Amino acid sequence: RLVVFNDPVAAIRKPSMAVWDSATNTPYSANGQYFLDPTDPDARAYGLSLAVEACQLGVDEIQFDYVRFPDNRRQSATFDEGVSADVRMATINGFLTEAVSLLHPMGCAVAADVFGFITRAIDDGAIGQRWEDIAGIVDVVSPMVYPSHYSTGWYGFEVPNDHPGPMVENAIADGLDRLPRPVVVRPWLQDFGYNASQVRAQIDATEQFGLGWMLWNARSNVTMDALRVE
């Protein structure tokens with residue numbers, strides 16, 4: 001897993017690569033996150049060079065996380081090449097296409113993490129992640145289908161977080177229906193704020209499609225009881 005455009009160290013130490021805040025005349029930050037500008041050539045080259053280095057060291061799959069524009073941006077966030085929908089999608093698609101061209105000859109697969117709602121959204125979610133586009137480029141696409149990240153009304157649930165199994169099932173079904181070609185779909189599942197049965201419900205919902213999965217917990221504190229099937 002390689003975090004690319006959310007990079008506080010690089011954004012602060014090399015502000016020319018950062019999203020710029022025109023209101024403060026400093027690198028743009030939101031919720032404690034600093035983003036590199038995906039439209040900046042040096043920022044893209046930096047992320048790709050890290051991926052190449054990891055592949056050379058023997059990693060066989062590079063999973064790009066935060067391969068997107070910052071979400072819920074303030075108007076003061078500025079980008080070298082602008083931030084229109086066309087620019088966003090061309091930038092993210094171009095980055096992943098270049099990653100494939102670099103890493104495939106080295107023997108590395110390319111994966112991309114995307115927001116969970118992208119499996120249903122018809123656009124790029126204002127962040128440059130359009131489901132059909134990304135699934136048409138990479139080897140593995142991993143939607144982060146965390147029920148807690150969906151707002152009221154999604155899939156008919158007033159509190160989506162209270163329905164882990166059905167939420168994951170609906171999100172994955174939407175994504176599979178829209179795949180432009182055969183590609184591995186390996187979702188991230190929510191392993192925070194849940195008990196073992198709730199984590200297990202997501203796993204069962206995923207496995208009914210014959211898919212693999214990953215559990216996300218920021219501290220890597222996996223709910224082991226959810227992995228023990230009676």
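I looked up D113 and W188 first and found their side chains joined by a polar contact of 3.1 Å (a pair of N or O atoms within 3.5 Å; within protein, one must be able to donate a hydrogen and the other to accept it, and residues adjacent in sequence count only if both atoms are side-chain atoms). I note that this is a predicted model, in which local features need pLDDT of at least 70 and side-chain atom pairs count only at pLDDT 80 or more, while totals for chains, interfaces and linings use all residues. Residues are numbered from 1 along each chain as its sequence is written, and side-chain values use heavy atoms, with hydrogens and water left out.

I then placed D113 in strand β8 (residues 109–115), strands being DSSP runs of E with at least two residues and helices runs of H or I with at least four, numbered from the N terminus. D113 is buried (under 20% relative accessible area, 1.4 Å probe, protein chains only) yet has no salt bridge (a side-chain nitrogen of Lys or Arg within 4 Å of a carboxyl oxygen of Asp or Glu); R1, the nearest side chain of opposite charge, is 4.5 Å away.

Next I turned to the aromatic rings and found ten aromatic pairs in the structure (rings of Phe, Tyr and Trp, the last by its six-membered ring, with centres within 6.5 Å). In one of them, F64 and F95 have ring centres 5.2 Å apart and planes at 80 degrees, so I record the pair as edge-to-face (planes over 60 degrees apart). Because F64 lies in strand β6 (residues 61–65) and F95 in helix α3 (residues 85–103), the pair ties together parts 31 residues apart in sequence. Both F64 and F95 are buried.

Definitions and conventions. Buried < 20%, exposed > 50% of the residue type's maximum accessible area, 1.4 Å probe, protein only. Lys, Arg positive; Asp, Glu negative; His and termini not counted. Phe/Tyr/Trp six-rings, centres within 6.5 Å; stacked < 30°, edge-to-face > 60°.
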